[in-house]
Amino acid sequence: MLAIKFHHLRTIMHRPYLCLAWVQQPNRPLMTLLERAQHRVDSLERICIHEAQQTAHLLHNVADEKSLVHDFPWWQMISCLLCASSVLLVARACIEPNRADLLVQSQTLDEDAETCLKVFDALSVNSDAARRARDMTKGLKRTRILPRSIFNIPFTL
Amino acid sequence: MEQETIRRTWYSLYVLDRLLALQLGRPIAIHEDEYYVNLPSELEGNSGLFNGEPNQLSSIDYFISVINFSKILGQVISGLYRPSQVAIEPEKMLLSTTTLDEKLMNWKLSLPRHLRFDLGHTFEKSTIFKRQVRLSVQPLKILAKHI
């Protein structure tokens with residue numbers, strides 16, 4: 001459980017830097033910071049995504065719902081996994097779909113988010129919270145942000 | 001024994017306060033400068049949760065690690081997730097993130113070996129996981145026994 005707590009907190013700590021250029025366009029002071037310290041901000045964003053992936057990886061080897069409920073406190077897990085999956089899907093949504101060089105990265109993020117989705121599915125049999133988390137994650141999965149080069153504002157499909 | 005029970009009760013509430021603040025997005029209720037309570041310690045006659053095992057793993061190690069983690073968690077909530085009306089200078093935010101991240105990394109590095117989840121003993125990993133889940137409820141169980 002310490003591992004999940006650690007990766008979750010580190011994800012949250014770095015989440016303000018996730019897709020900053022997209023979500024904070026109207027915020028001039030932040031955009032100025034982004035221009036001045038772009039490498040630093042990029043590296044903090046990478047940490048956020050990496051930690052969300054680490055959270056998902058911890059659940060790779062969970063065999064079934066029974067071992068999940070028995071071995072993990074599910075009431076803490078749902079919010080940790082919802083945070084991880086939303087970070088992964090937002091990061092994936094911000095990747096321009098026509099960038100062939102980022103295709104593998106996009107698929108990896110998708111697979112890790114899918115791991116979280118499977119856990120929600122397994123827990124949703126007995127948990128309304130898990131069911132809602134699953135539906136939110138599925139909704140977010142359908143979200144795409146059009147390339148910045150076409151429109152300078154994010155929107156969802 | 002009674003003092004130890006009170007300490008454990010206090011720090012159980014402290015950990016829950018931080019956990020709920022994180023999960024519900026609410027401000028923390030217990031502020032560091034408003035209390036002084038010694039950290040819990042091992043109860044006499046209960047020196048090892050897994051008595052008979054070679055490493056004599058202790059539930060109190062886990063509880064103290066979670067308390068220290070919760071302190072950093074409180075600082076993250078207060079420092080990086082203030083209400084949106086209170087603007088944070090971007091430069092300060094960058095510095096706060098770096099400082100808090102260093103604290104969290106130091107917390108991980110200072111964990112007792114049997115709680116270090118990042119060490120390469122893969123065979124032990126799942127066992128450690130399961131033990132940690134059980135250990136996470138142990139202080140309250142011990143507490144309940146003595147109330």
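Start by selecting A:Cys19, which sits in the loop between H1 and helix H2 (20-23) of chain A. (Helices here are DSSP runs of H or I with at least four residues, strands are E runs of at least two, and both are numbered from the N terminus.) A:Cys19 is not a glycine, yet its phi is positive, at about 50°. Is A:Cys19 buried or partly exposed? It counts as partly exposed, because it has 19 C-beta neighbours inside 10 Å. (Buried takes 20 or more other C-beta atoms within 10 Å of the residue's own, exposed 12 or fewer, partly exposed lies in between, and C-beta atoms are placed from the backbone.)

Before you move on, know that this is a predicted model, where local features need pLDDT of at least 70 and side-chain atom pairs count only at pLDDT 80 or more, while totals for chains, interfaces and linings use all residues. Residues are numbered from 1 along each chain as its sequence is written, and chains are lettered from A and ligands numbered from 1 in the order in which they are written.

**Zoom out to chain A**

Colour chain A by secondary structure and you'll see 8 helices and 0 strands. Of its 157 residues, 41% count as buried. Take the contacts between residues at least 6 apart in sequence: 74% of them join residues at least 24 apart. (Two residues are in contact if their C-beta atoms, placed from the backbone, lie within 7 Å.)

**Select H1 of chain A**

Now pick residues 2-14 of chain A, which form helix H1. This helix is mostly covered, with 13 of its 13 residues buried. Its end C-alpha atoms are 18 Å apart, which agrees with the 18 Å that 13 residues should span at 1.5 Å a residue. (The expected span is 1.5 Å times one less than the number of residues.)

Add helix H3 of chain B, residues 90-109. The axes of H1(A) and H3(B) come within 10 Å and cross at roughly 170°. That makes H1(A) roughly antiparallel to H3(B). (Axes are lines fitted to C-alpha atoms, for helices over the stretch in contact, with angles from 0 to 180 degrees between N-to-C directions; over 145 counts as roughly antiparallel.)

Which residues of H1(A) and H3(B) meet? Show A:Phe6, A:Leu9, A:Arg10, A:Met13 and A:His14 on one side, and B:Thr97, B:Leu100, B:Asp101, B:Leu104 and B:Lys108 on the other. They divide into 5 nonpolar, 2 polar and 3 charged. (Ala, Val, Leu, Ile, Met, Phe, Trp, Tyr, Cys and Pro count as nonpolar, Asp, Glu, Lys and Arg as charged, and the others, Gly among them, as polar.)

**Widen to the whole contact**

The contact takes 22 residues from chain B and 21 from chain A. On chain B's side, H2, H3 and helix H4 (122-146) each supply at least two residues, and H3(B) gives the most, with 9.

**Stop at B:Tyr62**

B:Tyr62 is in helix H2 (residues 59-80) of chain B. With 24 other C-beta atoms within 10 Å, B:Tyr62 is buried. Its C-alpha atom is 9.5 Å from that of B:His114, 52 residues away along the chain.

**Finish on H8 of chain A**

Select residues 128-141 of chain A for helix H8. Its buried residues are A:Ala130, A:Ala133, A:Arg134 and A:Thr137. They cover an arc of only 100° around the axis, which puts them on the same side of H8(A). (The arc is that of the directions from the helix axis to the C-beta atoms.) These buried residues pack against helix H6 (74-93) and helix H7 (103-123) of chain A. Spin round to the face turned away, and you'll find the exposed A:Asp128, A:Asp135 and A:Gly139.

Terms used
Angles under 35 degrees count as roughly parallel, over 145 as roughly antiparallel, 65 to 115 as roughly perpendicular and the rest as oblique.
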